[in-house]
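I opened this entry to keep track of what I looked up, beginning with confidence and then going from the interior to the surface.

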Amino acid sequence: MHWAIGIALFIGTVAGMELFAYAAHRWLMHGPGWFLHASHHRPRTGAFEWNDLYAAIFAVPSFVLILGGVQLGWWPGWAWIGAGIAAYGAIYFGFHDVIVHKRVPHRYLPRSAYMKRIMQAHRLHHAVGTKEGTVSFGFLWAPKPEALKAELRRRGNAGARQPGDPRDAPLTEDTPA
């Protein structure tokens with residue numbers, strides 16, 4: 001396979017993963033997968049949360065495609081696609097876990113309009129502590145914060161956190177997700 005086709009597959013996969021991530025976040029994580037994702041909408045009490053299992057789950061196709069495309073004699077394009085999935089995972093980790101949620105300590109402050117917008121959109125997503133009523137499910141693209149705030153107001157701020165909200169209490173073994 002020509003390297004240019006591989007690069008195109010890689011870039012196309014990274015871009016396509018944003019659509020997949022949006023759909024998975026909106027309809028899986030805020031749907032039947034809430035039992036894992038709920039931990040991400042509450043304060044973390046340690047280094048990990050149940051939501052982290054999604055990273056392992058979503059890494060499996062990437063690993064299998066790279067292995068198949070490189071070692072098992074599958075179509076070589078699968079390796080480029082698997083690498084695109086892995087690259088999106090790395091970008092997601094860097095943006096979401098490191099920059100936004102500061103799971104690795106840093107002093108970064110967003111200066112670009114893009115980073116300010118994406119971080120504010122993610123904070124507005126977390127303003128709602130339930131699986132319903134949230135806005136902004138993308139990770140690398142987000143609507144304007146004004147539009148998200150208007151949507152939250154239109155919904156009557158259903159599920160929005162208030163000061164002292166019991167959902168802000170750390171999860172324990174007895175806490176229902």
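The notes below follow the order in which I looked things up.

**Confidence.** I am working from a predicted model, so I began with pLDDT, whose mean over the protein is 87, with 88% of the residues at 70 or more. Going through the elements, I found the highest mean pLDDT, 97, in H3 and the lowest, 87, in helix H6, which spans residues 145-154. I then marked residues 166-177, where the pLDDT is below 50, although the stretch has 26 contacts in the model beyond near neighbours in sequence. I leave those contacts uninterpreted, because predicted coordinates should not be read in detail where pLDDT is low.

**Interior.** I next asked which residues form the largest nonpolar core. It has 12 residues, including Phe95, Val100, Met115, Met119, Leu124, Val135, Leu148 and Leu152. Helix H4 (77-100), helix H5 (113-126) and H6 each give two or more residues to this core, and the largest share, five residues, comes from H5. I took Met119 as one member to follow, and, with residues up to four places away in sequence not counted, Met119 touches Phe95, Ile99, Val100, Tyr108 and Pro110. Apart from this core I noted another, of 10 residues, with Met17, Leu65, Ile81 and Ala87 among them.

**Helix H1.** Met17 led me to helix H1 (residues 3-29), where the buried residues are Gly6, Thr13, Val14, Met17, Glu18, Ala21, Ala24, His25 and Met29. When I looked for what covers these buried residues of H1, I found that the cover includes helix H2 (34-37), H3, H4 and H5.

**A loop residue.** I stopped at Asn51, which lies in the loop between H2 and H3, and asked whether Asn51 is buried or exposed. Asn51 counts as buried because its relative accessibility is 7%, and the cut-off for burial is under 20%. Neighbours within four places in sequence aside, Asn51 is in contact with Leu36, His37, Ser39 and His40.

**Surface.** Last, I looked up a nonpolar surface patch of about 970 Å², made by Met1, Ile5, Val60, Phe63, Val64, Leu67, Leu72, Trp74, Trp75 and Trp78. Helix H3 (residues 53-70) gives the patch its largest share, four residues. I checked Val64, which is placed in helix H3: its relative accessible area is 36%, so Val64 is partly exposed, and this value also satisfies the patch cut-off of over 30%.

Notes: Residues are numbered from 1 along each chain as its sequence is written. This is a predicted model: local features need pLDDT of at least 70, side-chain atom pairs count only at pLDDT 80 or more; totals for chains, interfaces and linings use all residues. Side-chain values use heavy atoms; hydrogens and water are left out. Patches are made of residues with over 30% relative accessible area and no salt bridge: like charges are joined within 9 Å, nonpolar side chains (Val, Leu, Ile, Met, Phe, Trp, Tyr) within 5 Å. Accessible areas come from the Shrake-Rupley method with a 1.4 Å probe; for residues, only the protein chains shown count as cover. A salt bridge is a side-chain nitrogen of Lys or Arg within 4 Å of a carboxyl oxygen of Asp or Glu. Buried means under 20% relative accessible area, exposed over 50%, partly exposed in between (1.4 Å probe, protein chains only). pLDDT is the predictor's confidence in each residue, from 0 to 100. Contact means heavy atoms within 4.5 Å. A nonpolar core is a set of buried Ala, Val, Leu, Ile, Met, Phe, Trp, Tyr and Cys residues joined through side-chain atoms within 4.5 Å.
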